[in-house]
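This report goes through one chain, from its overall make-up to its helix pairs. Please keep the model open while reading.

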Amino acid sequence: MTWKNKLRFGKAPPTPARPSGYQALMDLVDDGFCIIQFIDGPDGPLSDYVHVESNSGYERHTGIHGIVGKSVFDVSPLDGAEWVKIYRRVLETGEPIRFERRFAEVDRYIEVSATLAGKVEQGRVAVLFRDITERKRTEQALRDSEQRATRDARHLARALSAGAILGTWVWTLDTDHFELDTGFSTAMGLDPALPASSLTLETIVANVHPGDRPALMEEINRSTSGGVAIAFQFRVRQADGQYHWIETNGRLESGSPRIFAGVLMDLDDRRAILEERDRATAELFQLNQTLEQRVANQTAKLMEQEEALRQAQKMEAVGQLTGGLAHDFNNLLTAIAGSLDLITSRLDEGRTNEAHRFVAAAQASTERAATVTQRLLAFSRRQSLQPAPTDVPALVHGMEDLVRRAIGPEVSVSTRFAPDTWPAMVDGNQLENALLNICLNARDAMPDGGLIEIEADNETVATATEHLATGAYVKLSVRDSGSGMSPDQLAKAFEPYFTTKPSGKGTGLGLSMVYGFARQSGGAALIRSQLGEGTTVELFLPRSAQAAETTTPAADTASAGDGSGATILVVDDEVLVRMVVAESLTDAGFKVLEAGTAREGLALLKAHPEISALLTDVGLPGGMTGRELARAAHEAHPQLPIIFMTGYDDEAHSGPALAGAEVLLKPFSFDVMVRRIVELTARA
């Protein structure tokens, strides 16, 4: 076993007993001192350390109080890993180190000496340090000053060589002595060979333009007498006989003797640039007058084209949806209408025995229509869901026989579930429908047989995406070994009535229903596929904070004639629906009260306290929905059983209709409706 393997501590071992007076002796040391103990940390063995001893100098030099017992990440969360790296080198090599470093968290510079404390196996390092912040700041200030001086000299030399500065002058006022460089003399139109003894102010300004000379002399007098800086532009005639624009800048230096010094700067190029700039600015201004209008026109045109494209895409999607709906419902209505015609014909002819066959055909078409509308409601996220804590592995296990029968013997099914899979908050019945739809799609992609793998895992999303919010999810994956999809097909996979199957082999509503169900449940449906490499559909279902309940299906003992005179309130704005519901309940022995709006139903509830159950549509006219009626009824009669009949729930996206309420999805079996009401009233 190496020393690294030996050095693994869950926490710092106890500090050995020290001789009496040890701490007092250490506190006499002016420098900061501490002993650190390496321990295992978040990044593995020896990735953290704890301060096990310190003296009073530690706080003086760092400003940190009570360091003993704290880890490096307690005092230096951002830079802790670097401190660990530095001191671990001492532990690994046994060699002392000395360095200077900035202690970022307290904004101080410290000079550090570190050496091994005891044996390597003990994992301890002794650290001695002192605050050198002031020294560092003084050194930095000196370096900055030297850099500025060097930079200023370099800039002046470059300015002189580039011609931006024409020349310099120094005028000692007390002796009236001038020191001019060659550049200054040339710029002022003077002979550079003139001796300094012959120079006077009048000589120097002799070539200044007569119109500028009085103002220049006034500025010079004001600056030399008042100590203000001079910055004045004027024209001067040079050796070529032409007047050139220059600028003088200078000031009176403080102290004695009094010295007035400065520079001359060339303005010809600058003025030419300014004139060109003014001309360009005028042209640009003129261009801008029309540019804004041109940009506005172009922007408006682009927005019109973008809106036209969005509208075209919308209409294409609506056309695809309505075309598919029209095709399906025309077929279904043809079957229903034809069956009804034949039933009427057989009844008129007295051939009642033959009518049952056409009744069954009409019922089958009705069930198919109900399936189409239910899938569309799922896609639009307007179906009524009853989410509850659901054990996803148990649900899948319970469906395995059904799935195998549905997909046939040519396709094998395997399942794998993560240990301790979380419960999901989801409508179990709709999850079964979604899983069956996915498996049927997978089967159709494997006409020659293949494999379907169903898996469930826990998934935590730390960063939100366009599909998923942050949170905890149960991920249910269905992977097949089929033909896969192209990128174009994959982009449209969740669109209603889009299918890659041959005509008559599928409606294209299965995956769209899965997508809408997952989104309405608070999760997402994602699909990955490549041609020839199969397809994977992933359902992300929100985790439930409650454990899934194990329920045993109740025995179906209720019959269609057990109403026993109980009073049922039926609320539906559709007269024909209300009529057949009431008739079915009356045949079952119930007394039925009817209402066309929620407000009428609420009035009947108040007038008839004997009402045993409320059966209401969700979408009702008159400004009060079935949801609101149910809430008002529940507040007045908490024990009143409530059943929702719904074909389209505009508020389904906002959650369950009412906790504890039953839901019947239109169209429903009237025998099932009666049986549910008998069960509810029997328990009430």
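## Strand S2 and His51

Helices and strands here are DSSP runs numbered from the N terminus, a strand being an E run of at least two residues. On that basis, His51 lies in strand S2. The model is a predicted one.

Is His51 buried or exposed? His51 is buried, at 4% relative accessibility, because the cut-off for buried is under 20%. Beyond its neighbours up to four places away in sequence, His51 touches Cys34, Ile35 and Ile36. The list also includes Tyr58 and a run of residues from Ile67, Val68, Gly69, Lys70, Ser71 and Val72, along with Val75. Ile67 is 16 residues from His51 in sequence. Their C-alpha atoms are 6.4 Å apart.

## Overall make-up

The chain has 684 residues, and 38% of them count as buried. It holds 19 helices and 22 strands. Take the contacts between residues at least 6 apart in sequence: 62% of these join residues at least 24 apart.

## Two nonpolar cores

In soluble globular proteins, nonpolar side chains tend to be buried together. The largest nonpolar core of this model has 39 residues. Val392, Leu431, Ile452, Ile454, Leu476 and Leu539 have the most contacts inside it. What does Leu476 contact, leaving aside neighbours within four places in sequence? Its partners are Val392, Val396, Leu431, Leu435, Ile454, Glu455, Ala456, Val537, Glu538 and Leu539.

Another core lies apart from that one. This other core has 26 residues, including Ile36, Leu46, Ile67 and Ile97. Two of these names, Ile36 and Ile67, also appear among the contacts of His51.

## Two residues with positive phi

Leu46 has a phi near 55°, a positive value in a residue other than glycine. Leu46 sits in strand S2, which spans residues 44-54. Its relative accessible area is 5%, so Leu46 is buried.

Asp420 also has a positive phi, about 55°, and is not a glycine. Asp420 is placed in the loop between strand S12 (411-417) and strand S13 (424-426). Asp420 counts as exposed, at 69% relative accessibility.

## Helices H12 and H13

Helix H12 covers residues 392-407 and helix H13 covers residues 428-444. They pack at an angle of about 40°, with axes 10 Å apart. H12 and H13 are therefore oblique to each other. The crossing is right-handed.

From H12, the contact uses Val392, Leu395, Val396, Met399, Leu402, Val403, Ala406 and Ile407. From H13, the partners are Gly428, Leu431, Glu432, Leu435, Leu436, Cys439, Leu440 and Arg443. By class, the residues of this contact are 13 nonpolar, one polar and two charged. Val392 and Leu431 are also listed among the residues with the most contacts inside the largest core.

## Helices H17 and H18

How do H17 and H18 lie relative to each other? Helix H17 (residues 598-607) packs on helix H18 (residues 626-636) at an angle of about 15°. Their axes are 9 Å apart. H17 and H18 are therefore roughly parallel. This crossing is right-handed.

On the H17 side, Ala598, Gly601, Leu602 and Leu605 make the contact. On the H18 side, Leu629, Ala632 and Ala633 do so. The residues of this contact divide into six nonpolar and one polar, with no charged residue.

Definitions and conventions
Residues are numbered from 1 along each chain as its sequence is written. This is a predicted model: local features need pLDDT of at least 70, side-chain atom pairs count only at pLDDT 80 or more; totals for chains, interfaces and linings use all residues. Side-chain values use heavy atoms; hydrogens and water are left out. Axes are lines fitted to C-alpha atoms, for helices over the stretch in contact, and angles run from 0 to 180 degrees between N-to-C directions. Helices (H or I, at least four residues) and strands (E, at least two) are DSSP runs, numbered from the N terminus. Angles under 35 degrees count as roughly parallel, over 145 as roughly antiparallel, 65 to 115 as roughly perpendicular and the rest as oblique. A crossing is left-handed if the near helix is turned anticlockwise from the far one by less than a right angle, and right-handed if clockwise. Contact means heavy atoms within 4.5 Å. Ala, Val, Leu, Ile, Met, Phe, Trp, Tyr, Cys and Pro count as nonpolar, Asp, Glu, Lys and Arg as charged, and the others, Gly among them, as polar. A nonpolar core is a set of buried Ala, Val, Leu, Ile, Met, Phe, Trp, Tyr and Cys residues joined through side-chain atoms within 4.5 Å. Buried means under 20% relative accessible area, exposed over 50%, partly exposed in between (1.4 Å probe, protein chains only).
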